[in-house]
Amino acid sequence: RFHHTSTSHWCSCSKTISNEKYQDPFQLGRKDLKNLYEDIKKELLVSAAELKEMCDYYFDGKGKAFRPMIVVLMARACNIHHNNSKEVQASQRSVAIIAEMIHTASLVHDDVIDDANSRRGKRTLNQVWGERKAVLAGDFILSAASVALARIGNTTIISVLTQVIEDLVRGEFLQLGSKENENERFAHYLEKTFKKTASLIANSCKAVSILGCPDPKVHEIAYQYGKNVGIAFQLIDDVLDFTSCADHLGKPTAADLKLGLATGPVLFACRQFPEMNAMIMRRFSKPGDVERAWKYVLQSDGVQQTTYLAQRYCHAATREIRKLRPSPEREALVHLTEMVLMRDK
């Protein structure tokens, strides 16, 4: 279903989108994200010096704040669509803060599960403080996010965002399993990708749309945009594991293969090199498996096919967001889909 014979459909990223003024999402979202990390640290108010040091280590203000930025842009786009309100509500900004906290907690836990030693160009919490303390730090960040969520005082929003936490856990369990059947394997991979990456963006977008607009159609638009952008983001991440140098990516390349994971490029390559099936089932555990699989992927059209699939998800996201009234924020969200496809780290 996802296979496409042509591999020449690469994104052409232009500075203008249709005939409307190009909007830089990071510039547009900057005002609403001012003091984001300071506000997160206020949520993590803690007396234990070591726990504070661990939280400060990740919330150092050097992240791109990609998820909070999408959330505040979506909030503005939905507010303008509903009643031409140009302001982000305090509760909508809280959703952006909570989204970043949940995301960071999931990274801390992922690094423990994967025994990772670097993240964002520096050593992981589990490397610096040990696995046990890293798990507890992740738990603490999640609990602080839950307290902030309860403070919003809206049961619908609580329901929408707690779904994210459930999906993260289910996604991790999906990643630990593998499917024998080739078609089931791709569906399994996409479901895992949604739960581990896209659910957070989709449900955060939905949450701010609910806070800003009573129309269920708008809630669905926000959710579908976030879902499609989130899946595309992860697909490109999986491509970069094969095409980016380690210094650029901030983590070792071929990291997924070394963890025994068959991502999009591997699953597409498997169709040209069926001998990879056995390697996938044993999770690249035999000596030489990682190197052989790496070569097969680069000899195949796996990277191009995964990129093409990411484009299709981005196009779907664009179709959704264009259903809202025109606004600079809407155009920034359109441009963001191009940035997802063109990113190199």
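Is Lys52 buried, exposed or partly exposed? Lys52 is partly exposed, since its relative accessible area comes to 42%. The close-ups below start from that residue, and they all show a predicted model.

**View 1. Lys52 and Asp56 pair up within helix H3.** Here Lys52 and Asp56 make a salt bridge, and their closest N and O atoms sit 2.9 Å apart. The two residues are 4 apart in helix H3 (residues 49-58), so about one helical turn separates them. Asp56 also counts as partly exposed, at 25% relative accessibility; the cut-off for buried is under 20%.

**View 2. Asp111 and Arg119 meet in a salt bridge.** The N-to-O distance for this pair is 2.7 Å. Asp111 is buried, with just 2% relative accessible area. Arg119 has 19% relative accessibility, and that puts it in the buried class too, given that buried means under 20%.

**View 3. Glu320 bridges to Lys323.** In this salt bridge the closest N and O atoms are 3.3 Å apart. Glu320 counts as buried, at 16% relative accessibility. Elsewhere, Asp39, Lys42 and Arg93 are joined into one network by salt bridges that share partners. For the overall tally, the structure holds 17 salt bridges.

**View 4. Helix H2 and its buried residues.** Take a look at Leu36, Tyr37, Asp39 and Ile40: these are the buried residues of H2, which runs over residues 36-43. They lie on the same side of the helix, because they cover an arc of only 155° around its axis. What do they pack against? Their partners are helix H4 (66-83) and helix H5 (90-114). Asp39, one of the buried residues here, also belongs to the salt-bridge network with Lys42 and Arg93.

**View 5. Helix H13 is largely enclosed by the rest of the structure.** How many of the 9 residues of H13 (residues 264-272) are buried? The count is 7, so the helix is largely enclosed. Going along the helix, the buried ones are Gly264, Pro265, Val266, Leu267, Phe268, Ala269 and Cys270.

**View 6. The helices that H13 packs against.** This view adds the neighbours that the buried residues of H13 touch. They pack against helix H9 (182-212), helix H10 (216-243) and helix H12 (255-258), and also against helix H14 (276-281), helix H15 (289-299) and helix H16 (302-321).

Conventions: Residues are numbered from 1 along each chain as its sequence is written. This is a predicted model: local features need pLDDT of at least 70, side-chain atom pairs count only at pLDDT 80 or more; totals for chains, interfaces and linings use all residues. Side-chain values use heavy atoms; hydrogens and water are left out. Buried means under 20% relative accessible area, exposed over 50%, partly exposed in between (1.4 Å probe, protein chains only). The arc is that of the directions from the helix axis to the C-beta atoms. Contact means heavy atoms within 4.5 Å. A salt bridge is a side-chain nitrogen of Lys or Arg within 4 Å of a carboxyl oxygen of Asp or Glu.
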